[in-house]
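Hi everyone, thanks for coming. I'd like to walk you through a structure that you probably haven't met before, so let's get it up on the screen.

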Amino acid sequence: MSIPPLRQRSAWKKLEAHFNEIGQRHLREFFADDPYRGERLHVEAEGIYFDFSKNRITDETLQLLLELATESGVALRRDQMLSGEHINVSEDRAVLHAALRMPSSTRLVVDGHDVVQQVHTVLEQMTIFANQVRSGEWKGYRGKPIRNVVNVGIGGSDLGPVMAYEALRHYSQRDLTFRFVSNVDASDLVEALRDLDADETLFIISSKTFGTIETLTNARSARAWLVEQIGTDDAVARHFVAVSTNANEVSAFGIDTANMFGFWDWVGGRYSMDSAIGLSTMIALGPALFEELLAGFHAMDEHFRTAPFESNLPVLMGMIAVWNRNFLGCPSVGVMPYEQYLKRLPAYLQQLTMESNGKHVTIDGDSVDYETGPLYWGEPGTNGQHSFYQLLHQGTTIVPVDLIGFAKSLTPLAGHHDILSSNVFAQAEALAFGKTRSEVRDEGTPDHVVAHRVMEGNRPTNVLLAEVLTPRLLGSLIALYEHSVFTQGVVWAIDSFDQWGVELGKVLATKIIPELDSDHEPTLTHDSSTNALIRHYRKLKRNED
């Protein structure tokens with residue numbers, strides 16, 4: 001199937017003409033013309049009610065966007081991904097995070113291996129270990145049960161586990177303490193360990209290659225802390241486990257490879273929270289609730305695989321994102337969860353979306369001549385309303401916003417949740433419709449203040465509403481964003497599963513490290529700015545006058 005470049009696709013050209021017709025229309029008009037718009041433009045799947053009526057689209061827009069998805073080969077590419085074809089072309093890899101949550105009865109052979117069987121072998125190993133830690137059966141070197149779990153990783157090996165723990169803390173085993181260390185800044189590790197008892201502390205070192213410099217630096221310092229506290233290197237084997245594929249390096253570190261939990265090169269870091277990278281999550285929740293989390297992922301996978309595009313939640317979400325990015329020209333997206341437990345979700349989605357779709361060449365290596373992945377950012381409501389919502393309402397840049405709410409609170413206190421939830425609906429309404437000059441005047445506002453109080457509205461929002469935050473719901477929510485990102489990447493004809501842009505800075509940093517630490521003045525061969533900065537850093541480090 002030969003797919004033309006994006007700007008040459010028939011549906012794209014139709015969308016350009018269509019945008020010229022409706023691009024300046026206001027959401028007030030759309031709702032006035034169709035009183036039932038809000039009741040029509042929504043989709044519900046796997047416990048998530050997705051209201052997209054407050055986007056600047058019509059039924060024709062939607063039809064053309066779905067034509068573009070079809071013409072771009074979203075269905076074909078989806079099926080190739082789920083069947084294990086090597087759609088990560090620059091690394092010649094399959095993309096099989098969906099296999100991480102397939103039931104054990106499923107059979108999927110990729111490159112000669114039943115990947116689902118491999119996944120469940122590791123899940124069984126994780127289950128045994130998690131139960132041992134949770135029950136107190138797993139003892140530290142001096143016989144004390146584990147009470148503290150410290151996950152050491154970076155990128156997807158940190159963002160997924162910490163997001164999942166914070167999101168599902170309500171369901172966690174409360175006599176266990178969980179800490180997450182990712183930054184190579186020593187303060188991160190030192191503060192995480194400051195009040196912990198080494199005899200009761202377990203470290204999970206999460207690094208596929210066991211060679212990531214930030215993770216291994218933190219791991220070695222954690223090892224030194226433990227050995228100093230307990231007094232022998234022999235303690236390492238009872239207080240460290242690894243999530244890795246490099247048995248030699250794991251063993252050299254002092255970790256028993258029987259306590260190494262593997263995963264595979266077809267799992268990208270930002271898609272790995274439901275793999276062995278989620279070991280800390282399973283320990284916190286227990287295997288049964290971790291299984292519910294996986295079931296939520298799988299349910300959304302199946303919805304994405306089987307639902308017609310017009311009722312396919314990830315496809316609709318992804319295509320609306322394409323419309324907002326490429327036709328409305330919106331450079332960023334705000335994600336605002338009105339649920340404190342989801343406070344790390346925006347950071348998690350930053351990596352998922354920006355590392356996946358922040359690309360400037362097509363899958364064939366040609367330069368793109370259109371915008372690709374937008375910036376993602378956000379903060380839990382209602383905190384953000386007293387921080388940056390001013391710009392959302394009256395700024396010169398339009399920021400589409402995902403507002404995520406729940407009908408029930410996990411921690412109910414009288415009056416709190418209705419106040420919280422009222423803001424979900426109020427903000428979506430205010431962003432869509434704003435306040436006109438005449439409405440401001442009718443409130444008795446002095447003429448010289450009127451302009452300051454006008455809000456243009458016409459700012460797009462999606463509202464995602466669910467009953468209550470559960471492990472299963474979280475799995476479905478994350479899978480929704482995964483497949484929305486995938487849909488956008490297919491339309492943009494980019495490889496959403498490599499991340500070469502991460503590499504250059506890491507390579508240059510490796511070269512600079514010895515130049516900062518050298519006892520003698522190094523010969524510097526960088527640009528003049530970098531050379532000057534290194535010299536000034538060395539001067540400050542020596543505290544010279």
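**Salt bridges, a sheet and two pockets**

Let's start with one pair: Asp233 and Arg223 form a salt bridge, with their closest N and O atoms 3.6 Å apart. By salt bridge I mean a side-chain nitrogen of Lys or Arg within 4 Å of a carboxyl oxygen of Asp or Glu. Asp233 sits in the loop between α9 and α10 (236-239), Arg223 is in helix α9, and the two are ten residues apart. Helices here are DSSP runs of H or I with at least four residues, strands are runs of E with at least two, and both are numbered from the N terminus.

Before I go on, a word on what you're looking at. This is a predicted model, where local features need pLDDT of at least 70 and side-chain atom pairs count only at pLDDT 80 or more, while totals for chains, interfaces and linings use all residues. Residues are numbered from 1 along each chain as its sequence is written, and side-chain values use heavy atoms, with hydrogens and water left out.

Back to our pair: is it buried or exposed? Asp233 is partly exposed, at 46% relative accessible area, and Arg223 is partly exposed too, at 21%. The cut-offs are under 20% for buried, over 50% for exposed and partly exposed in between, with a 1.4 Å probe and protein chains only.

How many salt bridges does a search of the whole structure find? The number is 31. Take Asp274 and Arg101, whose closest N and O atoms are 2.7 Å apart. Asp274 is in the loop between β9 (260-261) and α12 (279-285), and Arg101 is in the loop between α5 and β3 (109-110), so this pair ties together parts 173 residues apart in sequence. Asp274 is buried, at 1%, and Arg101 is buried at 3%. Both belong to a salt-bridge network with Asp301 and Glu482.

Then there's Glu521 with Arg538, at 3.8 Å from N to O. Glu521 lies in the loop between α21 and α22 (528-542) and Arg538 in helix α22, so parts 17 residues apart in sequence are tied together. Here Glu521 is partly exposed at 45%, while Arg538 is buried at 4%.

Now the sheet. It's an open one with six strands, in the order β1-β2-β13-β12-β10-β11, and the pairing is mixed. Strands count as paired if DSSP finds at least two bridges between them. At the edges stand β1 (42-45) and β11 (375-377), each with a single partner, so one side of each has no neighbour in the sheet. Further in, β12 (401-406) and β13 (461-466) run parallel, joined by six bridges.

Last, the pockets. A pocket is an open set of points on a 1 Å grid over the protein atoms alone, where a 1.4 Å probe fits and protein lies on both sides within 12 Å along at least five of seven lines; lining residues have an atom within 4 Å of a point. The largest pocket has 37 lining residues, and Thr212, Gly269, Gln499, Glu503 and Lys506 lie nearest its centre. Among the elements giving at least two residues to that lining are α9 (213-230) and α21 (503-517).

The second largest pocket is lined by 24 residues, with Ile3, Arg9, Ile363, Asp364 and Ala493 nearest its centre. Which element gives the largest share of that lining? That's α5, with three residues.
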